[in-house]
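I opened the model today to look up how one strand is covered and paired, and then to check a loop residue beside it. My notes follow.

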Amino acid sequence: MNNENTAVLLLSHGSSLSYGQKVFTEIREKFTKKTGIDSEVGYMKVSNPTVSQAVHILNDRNPNLNHIIAVPVFLADGIHTTIDIPIMLGKEPLNADPRLKNSNSKIDYLEDLEEINFKGQIDLIRPIGPNPKLIDIINNRVESSLSESKLPTDTNTGVLLICHGSRLKYNEEFITDLHSQYAKQSKYISNFGFMELVEPDIPTSANKLIKTGIDRLVVVPVFIAPGIHTKIDIKTILGLIHDEDNDKKVQKKPKTNTTSQNISIGQIILEKDPDHEHKYDETVEFDGEILYSNPIGADDILIDILDEMVQNALVN
């Protein structure tokens, strides 16, 4: 099949920290090298190029371009993949927007979007989902973390998978399925929790594992790239110290809600944002060892998954 006039738009959320952009640059480079298909990353917000800018870059590189496969490099469907990204691509959203509580509500980053001037076809496919190959990445992250443990090999160990959470059902369905796959083949007791918006939250899930009598907890953030959530939010919730990070942006204390008291044992507030507030009435109480792994990143297995997704889109 001749794909010389086809390109791939790799869609990302964007981050105010540099880690995410570095990871997605590596993902793009690896993907293009593996597939031979031209690709570009488009960021929804914060980072550049934007989605529309990325389409223009692809078109500028190949004036004969007539087909773009837009690939959400997201683990699960949610508001971004079913509402925001379709709108950014000039398509109809796939769900009603739960953020629009009244007729005066608006989403700032969806206002005044730059029009996509592309005469060819743009096919938006679904995100990654609970692909069984993700289990291989999780196993690798767990074993890599355990290699750095200071405790004996036979220490009673639990594994906690952490997902972001979404107002829509898809994120919960994703991690429930993925955890079920993981639990069936793992020798470690395990659980999953959400950073926000969905229950069980991180402290509830972690403490449930801790109550089983484990002495070591391996935490795997099931995120594509590192960012504020993996570098600050989740670590703060777990009570981990950031002394291994040299980036001052990571070292700084998380924002607190100015209408609330300082962070206390009974309530952690990490963001002053009524629609995106991380609030917990329970904290993680654990005297054992916590090992915190890297997220998925530009893992070669992820590149294989993206390649399969694109190849399936080309066939269909």
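I looked first at β3 (67-72), where six of six residues are buried, buried meaning under 20% relative accessible area with a 1.4 Å probe and protein chains only; strands here are DSSP runs of E of at least two residues, and helices are runs of H or I of at least four, numbered from the N terminus. This is a predicted model, in which local features need pLDDT of at least 70 and side-chain atom pairs count only at pLDDT 80 or more, while totals for chains, interfaces and linings use all residues. Residues are numbered from 1 along each chain as its sequence is written, and side-chain values use heavy atoms, with hydrogens and water left out.

I then listed the two faces of β3: His67, Ile69 and Val71 are buried on one side, and Ile68, Ala70 and Pro72 are buried on the other. In a regular strand, side chains alternate between the two faces of the sheet.

For pairing, which requires at least two DSSP bridges between two strands, I found β1 (residues 6-12) running parallel to β3 through six bridges, with Leu10 opposite Val71. I also found β4 (residues 121-124) parallel to β3 over four bridges, and there Gln121 is the bridge partner of His67.

Finally I checked Asn62, which lies in the loop between α2 (51-61) and β3. Asn62 counts as buried because its relative accessibility is 15%. Leaving aside residues up to four places away in sequence, Asn62 touches Glu4 and Asn5, a contact being heavy atoms within 4.5 Å.

Key
Buried means under 20% relative accessible area, exposed over 50%, partly exposed in between (1.4 Å probe, protein chains only).
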